[in-house]
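Subject: A structure for you to look at

Hi there,

Here is the structure I promised to pass on to you. Have a look at it first, and then read on for what I found.

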Amino acid sequence: MAACCDGCGQGGFALHKISLGRDFFGAPYDRLTPASDKSPAWYCPGCSVAKGMQVDCRAISAALIAGEGGEKTPLDDAAERHRAEARLGEIQAQIAADGGGRLLDGEWVDSLRKALEALPV
Ligand SMILES: [Zn+2]
């Protein structure tokens, strides 16, 4: 087991391995499966929360990019789009409160939110 958090690099915490089971859009996401987890990462409690947010941002970002390429994505659904907007708002509030640490990039999250709001209805 890692001695330091992979998010902030600090030790001395009870570290958690992230496993969300499902990603933001319900696709399987399982970092605990050894075969599919080539680089397991361990996080302290604060970074676990940030990491979960980062994973959601990546899922939303991937859907936005797929949509730009003309693919169908979960964001074609208005309810999913509202849920994604709400989640990004929550993440922006977290970044405003604590800076987001090393795992969350405020400009990236802002750009995702703008791209989401710019989607044709
Ligand atoms: Zn940490």
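A word you will need straight away is pLDDT: it is the predictor's confidence in each residue, on a scale from 0 to 100. You will need it because this is a predicted model. The chain averages a pLDDT of 85, and 85% of the residues score at least 70. Among the elements, helix α3 (residues 106-117) has the highest mean pLDDT, at 96, while strand β3 (residues 28-29) has the lowest, at 66.

**The overall layout**

The chain has 3 helices and 4 strands. Starting from the N terminus, their order is β-β-β-β-α-α-α. Of the 121 residues in the chain, 21% are buried. If you take the contacts with a separation of 6 or more, 63% of them are between residues 24 or more positions apart.

**The core**

Which residues have the most contacts inside the largest nonpolar core? They are I60 and L88, in a core of 21 residues. Helices α1, α2 and α3 are the elements that give two or more residues to this core. The most comes from α1, with 7 residues. Leaving out residues up to four places away in sequence, I60 touches F24, A84, L88 and L112.

**Helix α1**

Let's take the helices in order. At 1.5 Å a residue, the 24 residues of α1 should span 34 Å, and the end C-alpha atoms are 35 Å apart, which agrees. The buried residues here are C47, A50, K51, M53, Q54, D56, C57, A59, I60 and A63. They pack against β4 (42-43), α2 and α3. After α1 comes G70, which has a positive phi near 90 degrees.

**Helix α2**

You can try the length check yourself on α2 (residues 78-98): its 21 residues should span 30 Å at 1.5 Å a residue, and its end C-alpha atoms are 30 Å apart, which agrees. Its buried residues are A84, L88 and I91. Why do these residues line one face of the helix? Seen down the axis of α2, they fall within an arc of 60 degrees, so they line one face. A general point helps here: an α-helix has 3.6 residues a turn, so residues three or four places apart point the same way.

What covers the buried residues of α2 includes α1 (45-68) and α3. On the other side of α2, the exposed residues are A78, A79, H82, A86, G89, E90, A93, A96 and A97. Let's look at A86 in particular. Is A86 buried or exposed? A residue counts as exposed if 12 or fewer other C-beta atoms lie within 10 Å of its own. A86 has 10 within 10 Å, so A86 is exposed. The C-alpha atoms of A86 and R113 are separated by 9.4 Å, although these residues are 27 residues apart along the chain. Just after α2, G99 takes a positive phi of about 85 degrees.

**Helix α3**

The 12 residues of α3 should span 16 Å at 1.5 Å a residue; the end C-alpha atoms are 17 Å apart, which agrees. The buried residues of this helix are V109, L112 and L116. These cover an arc of only 60 degrees around the axis, which puts them on the same side of α3. Their cover includes α1 and α2. E107, K114 and E117 are exposed on the other side of α3.

**The end of the chain**

Two residues are worth finding in the segment after α3. One is P120, and another is V121. P120 has 4 C-beta neighbours inside 10 Å, so P120 counts as exposed. V121 likewise counts as exposed, with 4 C-beta neighbours inside 10 Å.

Where do these residues sit relative to earlier parts of the chain? The C-alpha atoms of P120 and D76 are separated by 9.2 Å, with their positions 44 residues apart along the chain. For V121 and A78, 43 residues apart along the chain, the C-alpha separation is 7.6 Å.

To look at the core for yourself, begin at I60 and L88, and then follow the contacts of I60 to F24, A84 and L112, among others.

Best wishes

Key: Residues are numbered from 1 along each chain as its sequence is written. This is a predicted model: local features need pLDDT of at least 70, side-chain atom pairs count only at pLDDT 80 or more; totals for chains, interfaces and linings use all residues. The expected span of a helix is 1.5 Å times one less than its number of residues. A residue is buried if 20 or more other C-beta atoms lie within 10 Å of its own, exposed if 12 or fewer, and partly exposed in between; C-beta atoms are placed from the backbone. The arc is that of the directions from the helix axis to the C-beta atoms. Two residues are in contact if their C-beta atoms, placed from the backbone, lie within 7 Å. A nonpolar core is a set of buried Ala, Val, Leu, Ile, Met, Phe, Trp, Tyr and Cys residues joined through C-beta atoms within 7 Å.
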